[in-house]
Amino acid sequence: DERQLKIRGNIYFKSFSVLSFIIIAIFFIKEIFNIDLMIGDWEYLIALFISITYCFILMIYYEIYPLTKARYRLLFIFFGLFGLYLFLIINGKPLIIDNQLSVLGCELIFTSFYIIIFITYVIKVIYNHYHQDDDN
């Protein structure tokens with residue numbers, strides 16, 4: 001319906017704004033101040049993932065994804081399990097090399113995004129379950 005389209009448009013706009021702001025900040029940090037925070041150019045990919053994670057969180061909050069449908073439930077469970085798997089692989093390895101975040105450090109950040117999306121989903125499902133009981 002039109003309300004859903006308006007909410008989605010607002011979410012996409014907010015996510016794009018976050019991405020734009022982060023990319024501008026990265027540009028200033030890397031190019032103007034000549035500071036390398038990470039090995040390689042992972043900053044831009046992390047900025048994209050921050051924006052995507054923010055988008056998912058808002059979509060879960062506003063229930064753009066029907067939380068009861070099995071295919072969406074499986075998607076969010078996959079996020080949680082994949083994030084946990086990556087965390088277990090990375091655990092105990094060096095995350096900072098030569099005062100810069102290593103590739104494994106960047107992967108740990110990606111792992112946290114998957115886990116944050118999963119936790120947001122679980123919290124929303126629990127909240128809806130208890131909220132639904134209050135209505136009855």
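**Exercise 1. Find the partners of F56.**
Task: In this predicted model, which residues are in contact with F56, once its neighbours within four places in sequence are set aside?

Solution: Start at the side chain of F56 and skip anything within four places in sequence. What's left is a list of five names: Y65, L75, F76, F79 and I117.

Now zoom out. F56 is one of the residues with the most contacts inside the largest nonpolar core, alongside I11, M59, Y65, F76, F79 and I117. That core has 16 residues in total. To see where they come from, go helix by helix: α1 (2-32), α2 (42-61), α3 (70-90) and α4 (103-135) each chip in at least two. The largest share, five residues, comes from α2.

Before moving on, look for a second, separate core: it has five residues, including M38, I46, F110 and F113. As a general backdrop, nonpolar side chains in soluble globular proteins tend to be buried together.

**Exercise 2. Which side of α3 is buried?**
Task: Work out which residues of α3 are buried and where the exposed ones sit.

Solution: First, check the helix itself. α3 has 21 residues and reaches 30 Å from its first C-alpha to its last, close to the 30 Å expected at 1.5 Å a residue.

Next, pick out the residues under 20% relative accessible area, the cut-off for buried. In α3 these are Y72, F76, F79, G80, G83, L86 and I90. They cover an arc of only 135° around the axis, so they lie on the same side of α3. The spacing rule behind such patterns is simple: an α-helix has 3.6 residues a turn, so residues three or four places apart point the same way.

Then flip to the other side of α3, where R71, L74, L81 and L88 are exposed. Finally, step past the end of the helix: α3 is followed by G92, which has a positive phi near 90°.

**Exercise 3. Two positive phi values outside glycine.**
Task: Where do N34 and E63 lie, and are they buried or exposed?

Solution: Take N34 first. Its phi is near 55°, a positive value in a residue other than glycine. N34 belongs to the loop between α1 and α2. With a relative accessible area of 65%, N34 is exposed.

Now E63. Its phi is also positive, near 55°, and E63 is again a residue other than glycine. This one sits in the loop between α2 and α3. E63 has 36% relative accessibility, so it counts as partly exposed.

Conventions. Residues are numbered from 1 along each chain as its sequence is written. This is a predicted model: local features need pLDDT of at least 70, side-chain atom pairs count only at pLDDT 80 or more; totals for chains, interfaces and linings use all residues. Side-chain values use heavy atoms; hydrogens and water are left out. A nonpolar core is a set of buried Ala, Val, Leu, Ile, Met, Phe, Trp, Tyr and Cys residues joined through side-chain atoms within 4.5 Å. Buried means under 20% relative accessible area, exposed over 50%, partly exposed in between (1.4 Å probe, protein chains only). Helices (H or I, at least four residues) and strands (E, at least two) are DSSP runs, numbered from the N terminus. Contact means heavy atoms within 4.5 Å. The expected span of a helix is 1.5 Å times one less than its number of residues. The arc is that of the directions from the helix axis to the C-beta atoms.
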